[in-house]
Amino acid sequence: SFREATGQYFARITKAMAHGDFATVASTAHTFKSSARAVGALALGDLCSEVEGAAKRLDVQALERHVAVFAAELAKVQKEDFASWAKPVEVTGFKLD
């Protein structure tokens, strides 16, 4: 689930930061950004974009700031009920030719 994946992405990002592996930080943040936006966690997606950009610029100070905010945003995301967002919607009166 997305909720479980958030912890995995965050762990991968922080581990890569600890090892100075900015390429992994950037690629993980990029992948996470797409996943977050796909489920409607737009603030988290935007933050992933910031992390990705800071990693590509090798801006350690910005990364440290963003990761601190990232942790707080993850706590919010963990409380969201993303499953309810994915329920199918019945559409009537629509015909494909």
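**Group meeting talk: contacts and salt bridges in a helical model**

Let me begin with one residue, Val25, which lies in helix H2. What we are looking at is a predicted model, and I will come back to the confidence scores towards the end. Is Val25 buried or exposed? Val25 is buried, with a relative accessible area of 0%. If we set aside the neighbours within four places in sequence, Val25 is in contact with Ile13, Ala16, Met17, Val51, Ala55 and Leu63. Take Leu63 from that list: Val25 and Leu63 are 38 residues apart along the chain, and their C-alpha atoms are separated by 9.4 Å.

Val51 also turns up in the surroundings of a second residue, His66, which is found in helix H4, a helix that covers residues 60–79. His66 counts as buried, at 16% relative accessibility, and, residues up to four places away in sequence not being counted, His66 touches Leu47, Glu50, Val51 and Ala54.

Now let me turn to the charged side chains. How many salt bridges does a search of the whole structure find? The search finds three, and I will take them in turn. In one of them Lys33 is paired with Glu52, and the closest N and O atoms are 2.9 Å apart. Because Lys33 sits in helix H2 (residues 22–38) and Glu52 in helix H3 (residues 42–57), this pair ties together parts that are 19 residues apart in sequence. As for how accessible the partners are, Glu52 is buried at a relative accessible area of 7%, and Lys33 likewise counts as buried, at 12% relative accessibility.

Glu52 also meets the side chain of Lys56 in a salt bridge, at 3.1 Å from N to O. Here both residues lie in helix H3, four residues apart, which is about one turn of the helix. Lys56, for its part, is exposed, with a relative accessible area of 58%. Which residues are joined into one network by salt bridges that share partners? They are Lys33, Glu52 and Lys56.

That leaves the salt bridge between Arg37 and Asp46, whose closest N and O atoms are 2.9 Å apart. Asp46 is partly exposed, with a relative accessible area of 41%, and Arg37 counts as partly exposed too, at 37% relative accessibility.

Next, the aromatic rings. The structure holds three aromatic pairs, and one of them, formed by Phe10 and Phe70, is stacked, with 5.4 Å from centre to centre and 15 degrees between the planes. This pair links distant parts of the chain, since Phe10 belongs to helix H1 (residues 2–18) and Phe70 to helix H4, and the two are 60 residues apart. Both Phe10 and Phe70 are buried. If we widen the view, Phe10 and Phe70 form one aromatic cluster together with Tyr9 and Phe32.

Finally, as promised, a word on confidence. The protein chain averages a pLDDT of 81, and 81% of the residues score at least 70. Where does pLDDT stay under 50? It does so over residues 85–89, for which the model has four contacts beyond four places in sequence. Where pLDDT is low, the predicted coordinates should not be read in detail. I would therefore treat those contacts with care, as a low score calls for not reading predicted coordinates in detail.

Definitions and conventions. Residues numbered from 1 in each chain as written. Predicted model: local features only at pLDDT ≥ 70, side-chain atom pairs only at ≥ 80, totals over all residues. Heavy atoms only, no water. Salt bridge = Lys/Arg side-chain N within 4 Å of Asp/Glu carboxyl O. Buried < 20%, exposed > 50% of the residue type's maximum accessible area, 1.4 Å probe, protein only. Contact = heavy atoms within 4.5 Å. pLDDT = per-residue confidence, 0-100. Phe/Tyr/Trp six-rings, centres within 6.5 Å; stacked < 30°, edge-to-face > 60°.
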